[in-house]
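Colleague: Could you take a close look at one part of this model for me, the nonpolar core and what packs around it? A connected walk-through would be great.

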Amino acid sequence: MQSDFPELDRFDRAILSVLAEEGRLSIADLGRRIGLSKSPTQARLRRLEAEGIITGYRALIDPIRLGLDHVAFVEVRLTDTREAALAAFNAAVAKIGEIEQVHMIAGNFDYLMKVRTHSMSEYRRVLGEKISTLPHVASTSTYVAMQAVKEDGPLSPME
């Protein structure tokens, strides 16, 4: 039986581990860190990108320094959970910039969202004008975060 997951050897895992911590390394520096020369390191990196294991590179921005320190988690219950309703909800929610994350949940509600805004009043506006008007929303429940203890830790199942 063939697996849908590609085989990753210790060098592939090392590349992923290093890049999860420091995504701006040169190929030569990455190669030195994992114990390979530049050419095989570059070939492995291109393969990991082509296979969709590495999906992109980005800067990590501190939202608190930008004044985006109000975080709310929102449980969403839908009126309809058939595929067409889920697809409509998913497409609409992807267009709302204040929503950082959305996860479909197996439980007493359908989705859990992480919403980041400047203030409670801005969150209230986003909830009323954007989230509550999403397709098939029956109800929402909001939980306001008081402090982020851990966010965006590096992916580390590579070890």
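Modeller: Sure. A nonpolar core here means a set of buried Ala, Val, Leu, Ile, Met, Phe, Trp, Tyr and Cys residues joined through side-chain atoms within 4.5 Å. Keep in mind that this is a predicted model. The largest such core has 18 residues, and those with the most contacts inside it are V76, F89, M113, V115, I131 and L134. At least two of its residues come from each of β1 (70-78), α4 (83-93), β3 (111-117) and α5 (120-131). Take F89: setting aside neighbours within four places in sequence, it touches V76, L78, Y111, M113, L134, P135 and V137.

Now the sheet behind all this. It's an open one with four strands, ordered β2-β3-β1-β4 and paired antiparallel. β2 and β4 are the edge strands, each pairing on one side only. From one strand to the next, the twist averages 20 degrees. Seven bridges link β1 and β4, and in one of these strands, β4, V144 is the bridge partner of A72. α4 packs on the sheet, touching β1, β2, β3 and β4, with its direction at about 15 degrees to that of β3.

α5 also lies across β1, β2, β3 and β4, but runs at about 135 degrees to β3. Its buried residues are E122, Y123, V126, L127 and I131. Seen down the axis of α5, they fall within an arc of 140 degrees, so they line one face of the helix. Their cover includes β1, β2 (99-104), β3 and β4 (137-144). On the face of α5 turned away from that buried side sit the exposed residues S121, R124 and E129.

Methods:
Residues are numbered from 1 along each chain as its sequence is written. This is a predicted model: local features need pLDDT of at least 70, side-chain atom pairs count only at pLDDT 80 or more; totals for chains, interfaces and linings use all residues. Side-chain values use heavy atoms; hydrogens and water are left out. Buried means under 20% relative accessible area, exposed over 50%, partly exposed in between (1.4 Å probe, protein chains only). Contact means heavy atoms within 4.5 Å. The arc is that of the directions from the helix axis to the C-beta atoms. Two strands pair if DSSP finds at least two bridges between them. Axes are lines fitted to C-alpha atoms, for helices over the stretch in contact, and angles run from 0 to 180 degrees between N-to-C directions.
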